[in-house]
Amino acid sequence: MGNTRRRRQSPKATGKSRDDRGQPTSQRPADQLRAVTHLPETASSADRTAQRDVTSTEWMVRLRIRRQDGPERVETRRWEEFAVRASPGVTIAGALGAIAASPVTTTGVRVAPIAWDAKSCEVDCGACALLVNGQPHVACSTLLATVARGSRPITLEPLGKFPLVRDLVVDRGSIPDALRQLRTWIEADSGQPNVTNVARAPGVERLRVELGRCTGCGACLEACPQYGAHSDYVGAAAINRARFAILDATGGLAHRARVERLMVAGGVADCGKAERCVEVCPQGIPLVDSLQVLGQETSRELIFGWLLGPSS
Ligand code: SF4
Ligand code: FES
């Protein structure tokens, strides 16, 4: 079965969004993108000027943000709404930065700053993954313009398949756990000389670069109906990483051992073939191909593995 679904273009392939001065929009200083509220009586004259300054290339966007003060503080779960000035290059991360600079709701209430995660703001760490209008995205590559819904506010929520830390921050520790379970690391010392000089099939390195773009954002896991507290399924990100390791000259020496780890409960056979992972991956990684390739390898190992004896 080929992967025929339309894939979201990789931000790395398209280049990061930049403003008209060539500055990445995710790094736009907060004072260039000011949160604008329904101004209270006490608003400063500077705030009133900012609200008047909305130009024809800008528009107001309302963001409705799910908040909770801590994992156990269920009684603090609430929605708060903010308004920011948007323009074509502004991302969700830019809007959150603007709100952080002035955390005042549309009803004029100053609130505690919103907790959200971001490390690089370069679409390469996955830390800023969250739900936008119920769908997983990374904040630093998602333009407000692409998720706007007319007069309805854009909703932001934490990923739901991972334990909540606070507001939009979740604990994605289950992702490295799955990588360890599948032995996706590559040994520094293979114990065999010159292994990196092994002739590679044409295109293998290019494919490895494609597979290796995973940031561990967890969007694929969030979207997968098989992944979650109800199952042991390790998910597409770890299985893709196992394929990445197998395709390495050194990592490939433990090829059969890696495939065997995919044959236990929670392995590749638990994939329900919904193919939601590949639709939401912000890096455009061919996840369904990885699931299919390793699914076929586990079938082969199941049928013929006994002829080869135990793996290393
Ligand atoms: S495979 Fe894609 S969606 Fe899944 S964790 Fe990696 S980058 Fe995120
Ligand atoms: S902060 Fe968005 S991917 Fe790193």
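This is a short conversation about reading a predicted protein model.

Trainee: Where do I start? How many helices and strands are there in the protein?

Mentor: Start with an inventory, and keep in mind that this is a predicted model. The protein has 11 helices and seven strands. Of its 312 residues, 36% are buried.

Trainee: What share of the contacts comes from residues 24 or more positions apart?

Mentor: For that, take the contacts with a separation of 6 or more; residues 24 or more positions apart account for 71% of them.

Trainee: Now a single helix. How many residues of helix α8 are buried?

Mentor: Go along the helix and check each residue against the cut-off: buried takes 20 or more other C-beta atoms within 10 Å. In α8, residues 236–246, 11 of the 11 pass, so the helix is largely enclosed by the rest of the structure. Among them are Ile 239, Arg 241, Arg 243 and Phe 244.

Trainee: Which residues of the largest nonpolar core touch the most other members?

Mentor: A core is a set of buried residues of certain kinds, joined through their C-beta atoms. This one has 69 residues, and the ones touching the most other members are Val 84, Ala 95, Cys 128, Cys 220, Ile 239, Cys 277 and Leu 287. Helix α8 gives the largest share, eight residues. Domain 1 (11–170) and domain 2 (174–308) both contribute to this core, so it lies between them.

Trainee: Let me zoom in on one member. Which residues is Ala 95 in contact with?

Mentor: Skip the neighbours within four places in sequence, and you find Leu 63, Val 84, Val 90 and Leu 144.

Trainee: And the ligand? Which residues come nearest to ligand 1?

Mentor: List the shell, then ask where its members come from. Ligand 1 has 16 residues around it, and Cys 214, Cys 217, Cys 220, Ala 237 and Cys 281 come nearest. Both α7 (219–223) and α8 supply at least two residues of that shell, with the largest share, three residues, coming from α8. By kind, the shell has 10 nonpolar residues, six polar and no charged.

Trainee: Last one: backbone angles. What is phi of Asn 133 near?

Mentor: Look for positive values in residues other than glycine. Phi of Asn 133 is near 50°, and this residue sits in the loop between β3 (129–132) and β4 (135–138). Asn 133 has 15 C-beta neighbours inside 10 Å, so it counts as partly exposed. Arg 183 also has a positive phi, near 55°, and is found in the loop between α5 (174–181) and α6 (204–211). With 18 other C-beta atoms within 10 Å, Arg 183 is partly exposed.

Note on methods. Residues numbered from 1 in each chain as written. Chains lettered and ligands numbered in written order. Predicted model: local features only at pLDDT ≥ 70, side-chain atom pairs only at ≥ 80, totals over all residues. Buried ≥ 20, exposed ≤ 12 C-beta atoms within 10 Å, placed from the backbone. Helix = DSSP H or I, 4+ residues; strand = E, 2+ residues; numbered from the N terminus. Core = buried A, V, L, I, M, F, W, Y, C linked by C-beta atoms within 7 Å. Domains from an automatic or database assignment. Contact = placed C-beta atoms within 7 Å. Near = placed C-beta within 6 Å. Nonpolar A, V, L, I, M, F, W, Y, C, P; charged D, E, K, R; others polar.
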